[in-house]
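Grab a pencil and work through these exercises with the structure open beside you. Try each task before you read its solution.

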Amino acid sequence: MKFTAFVFIVFVVGAILSPVPVRARVVEGFKEEVNVTCDANELSSCLLPFTSGVSPSTTCCTKLKEQQPCFCTYIKDPKYSPYVGSANAKKTLATCGVPYPTC
């Protein structure tokens, strides 16, 4: 429990300090302009599914869909890659119907 709390704190603090704006999103093979602020804090409802593999909540799935354009940014960031690149994160994305990106 202490480790999970520590991981959560690191994840949230890092997210608060570094939101990144992104303006492109691929939708069904077409590029569409959208305004998304990449803010890993938005994925806090997914932390437990990412770290322990429990089923994601509706809120988690909604946030994953909203933050989908940001996944490559998170995957390439050493602060977030252990979470979003984990087997549990891939399972969570699949459960929510969100494809795992190829960056």
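## Exercise 1: A disulfide at cysteine 46

Cysteine 46 has a relative accessible area of 0%, so it is buried. Keep in mind that you're looking at a predicted model.

**Task.** Find out which cysteine forms a disulfide with cysteine 46, and work out whether the link is right-handed or left-handed.

**Solution.**
- Step 1: Recall what you're hunting for. A disulfide is a covalent bond between the sulfur atoms of two cysteines.
- Step 2: Look for the sulfur. That of cysteine 60 is 2.0 Å from that of cysteine 46, and the two form a disulfide.
- Step 3: Check the torsion. About the S-S bond of cysteine 46 and cysteine 60 it is about 120°, so this disulfide is right-handed.
- Step 4: Place both ends. Cysteine 46 sits in the loop between β2 (30-38) and α2 (47-52), while cysteine 60 belongs to helix α3, so the pair ties together parts that are 14 residues apart in sequence.
- Step 5: Check the other end for burial. Cysteine 60 has a relative accessible area of 0% too, under the 20% cut-off, so cysteine 60 is buried.

## Exercise 2: Two more links

**Task.** Take the disulfide of cysteine 61 and cysteine 96, then that of cysteine 72 and cysteine 103, and describe each one.

**Solution.**
- Step 1: Start with cysteine 61 and cysteine 96, whose sulfur atoms are 1.9 Å apart. The torsion about their S-S bond is about -65°, so you can call this disulfide left-handed.
- Step 2: See what gets joined. Cysteine 61 is in helix α3 and cysteine 96 in helix α6 (residues 87-96), so to speak distant parts of the chain, 35 residues apart.- Step 3: Add the burial. Cysteine 61 and cysteine 96 are both buried.
- Step 4: Move on to cysteine 72 and cysteine 103, with sulfur atoms 2.0 Å apart. With -90° about the S-S bond, this link is left-handed.
- Step 5: Place the ends. Cysteine 72 is in helix α4 (residues 71-76) and cysteine 103 in the segment after α6, distant parts of the chain that lie 31 residues apart.
- Step 6: Compare with the cut-offs. Cysteine 72, at 24%, falls between 20% and 50%, so it is partly exposed. Cysteine 103, at 53%, is over 50%, so it is exposed.
- Step 7: Put the links in context. The count comes to four disulfides, and with bonded cysteines counted along the chain the pattern is 1-5, 2-3, 4-7, 6-8.

## Exercise 3: The buried face of α3

**Task.** Which residues of helix α3 (residues 58-67) are buried, and why do they line one face of the helix?

**Solution.**
- Step 1: List the buried residues of α3: Cys60, Cys61, Leu64 and Gln67.
- Step 2: Look down the helix axis. These buried residues fall within an arc of 135°, so they line one face of α3.
- Step 3: Zoom in on glutamine 67, which belongs to α3. Its relative accessible area is 4%, under the 20% cut-off, so glutamine 67 is buried.
- Step 4: See who surrounds it. Setting aside neighbours within four places in sequence, glutamine 67 is in contact with Val36, Thr37, Cys38, Asp39, Glu42, Leu43 and Tyr74.

## Exercise 4: An empty space

**Task.** How many cavities of 30 Å³ or more are there, and which residues line the largest cavity?

**Solution.**
- Step 1: Think about the method. Rolling a probe the size of a water molecule over the atoms shows where empty space is left.
- Step 2: Count. There is one cavity of 30 Å³ or more, and about 30 Å³ of space lies in the largest cavity.
- Step 3: Name the lining of the largest cavity: Leu43, Phe50, Leu64, Phe71, Val84 and Leu93.
- Step 4: Sort the lining by class. You get six nonpolar, no polar and no charged residues.

Definitions and conventions
Residues numbered from 1 in each chain as written. Predicted model: local features only at pLDDT ≥ 70, side-chain atom pairs only at ≥ 80, totals over all residues. Heavy atoms only, no water. Buried < 20%, exposed > 50% of the residue type's maximum accessible area, 1.4 Å probe, protein only. Helix = DSSP H or I, 4+ residues; strand = E, 2+ residues; numbered from the N terminus. Arc of directions from axis to C-beta. 1 Å grid on protein atoms, 1.4 Å probe; cavity = no way out; pocket = protein on both sides within 12 Å on 5 of 7 lines; lining within 4 Å. Points joined across faces, edges and corners; volume = space filled by probe spheres on them. Nonpolar A, V, L, I, M, F, W, Y, C, P; charged D, E, K, R; others polar. Contact = heavy atoms within 4.5 Å. Disulfide = S-S within 2.5 Å.
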